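Hi everyone, thanks for making time for this. I'll show you a structure and then walk through the parts I'd like you to look at.

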Amino acid sequence: MPYSAVQQYKAQTINSMTNGELLILLFDEVIKHLKIAGTMLQEKNYETSEKCTQKAKEIINYLINILDRQYPLSQELYQMYSFFNEKIISAEIKQDPKSLEEIIPLIEDMRQTWAEANRLTHIK
């Protein structure tokens, strides 16, 4: 089945991104899905909330899996990502958005840090 023009554009855009840009995109997706999940929990739409939290956990697990463990920073990132997953699971079990509300600002801060690091690596 051929790709539509929109799908081709998306694929081309992603394929042309740097690793830093891809990392930022992943954080954007986690934040988006957690915000939607929080809203859905407030509205007692548990099925949609679970789909969103599952997507967020999949991305966070991907970030864990790509860590280069030879650097001390990787252990700290592993602990932070694991903390995020624990809070997401807590929100799922309790069906309460508070755990998500706690971690969204932390994830936004991490995203901003990576965005700044990416910007600084491209300054010439």
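Let's go straight to His33: leaving out residues up to four places away in sequence, His33 touches Cys52, Lys55 and Ala56. You'll find His33 in helix α2. Is His33 buried or exposed? With a relative accessibility of 12%, His33 counts as buried, because the cut-off for buried is under 20%. Please keep in mind while you look around that this is a predicted model.

Okay, let's zoom out to the whole chain. The secondary structure is five helices and zero strands, so if you read along the sequence you get α-α-α-α-α. Take the C-alpha atoms along the principal axes and they fill a box of roughly 45 × 45 × 20 Å. The chain has 124 residues, and 32% of them count as buried. On the outside, the chain exposes about 8400 Å², with carbon and sulfur atoms supplying 55% of that area. As for charge, there are 14 positive and 17 negative charges, and their mean positions are 3 Å apart.

Now, contacts along the chain. If you take contacts between residues at least 6 apart in sequence, 63% of them join residues at least 24 apart. Keep that in mind when we get to the core.

So, the core. Here's a bit of background: in soluble globular proteins, nonpolar side chains tend to be buried together. In this model the largest nonpolar core has 24 residues, and the members that touch the most other members are Leu34, Tyr81 and Ile107. Which helices supply at least two residues each? Those are α2 (19-42), α3 (46-65), α4 (72-94) and α5 (98-121). The largest share comes from α2, with seven residues.

Let's stay with Tyr81 for a moment. Setting aside neighbours within four places in sequence, Tyr81 is in contact with Phe27, Ile60, Leu63, Ile64, Leu67, Met110 and Trp114. At 2% relative accessibility, Tyr81 counts as buried.

Phe27 on that list brings us to aromatic rings. How many aromatic pairs does a search of the whole structure find? The search finds two. When we describe a pair like that, we give the distance of the centres and the angle of the planes. One pair is Phe27 with Tyr81, and it is tilted, with 6.5 Å centre to centre and 50° between the planes. Phe27 sits in helix α2 and Tyr81 in helix α4, so this pair ties together parts that are 54 residues apart in sequence. Phe27 is buried too, at 2% relative accessibility.

The other pair is Phe83 and Phe84, again tilted, with 6.3 Å centre to centre and 55° between the planes. Have a look at how the two partners sit: Phe84 is buried, with a relative accessible area of 1%, whereas Phe83 is partly exposed, at 32%.

While we're on helix α4, let's pick out two more residues. Asn85 lies in α4 and is buried, with a relative accessible area of 9%. Which residues is Asn85 in contact with, leaving aside neighbours within four places in sequence? The answer is Lys57, Ile60, Asn61 and Ile64. Glu76 is also placed in α4, but Glu76 is exposed, with a relative accessible area of 54%. Between the C-alpha atoms of Glu76 and Ile24 there are 18 Å, and the two residues are 52 apart along the chain.

Last stop, the loops. Most residues other than glycine have a negative phi. What does Lys44 have for phi? Lys44 has a positive phi of about 60°, although it is not a glycine. You'll find Lys44 in the loop between α2 and α3, and Lys44 is exposed, with a relative accessible area of 59%. The C-alpha atoms of Lys44 and Trp114 are separated by 34 Å, with their places 70 residues apart along the chain.

Gln95 is not a glycine either, and Gln95 has a positive phi of about 50°. Gln95 lies in the loop between α4 and α5 and counts as partly exposed, at 39% relative accessibility.

That's my tour, and I'm happy to go back to any part of it.

Definitions and conventions: Residues numbered from 1 in each chain as written. Predicted model: local features only at pLDDT ≥ 70, side-chain atom pairs only at ≥ 80, totals over all residues. Heavy atoms only, no water. Core = buried A, V, L, I, M, F, W, Y, C linked by side-chain atoms within 4.5 Å. Buried < 20%, exposed > 50% of the residue type's maximum accessible area, 1.4 Å probe, protein only. Helix = DSSP H or I, 4+ residues; strand = E, 2+ residues; numbered from the N terminus. Contact = heavy atoms within 4.5 Å. Phe/Tyr/Trp six-rings, centres within 6.5 Å; stacked < 30°, edge-to-face > 60°. Areas by Shrake-Rupley, 256 points an atom, 1.4 Å probe, with all protein chains shown as cover. Lys, Arg positive; Asp, Glu negative; His and termini not counted. Charge placed at Lys NZ, Arg CZ, Asp CG, Glu CD.
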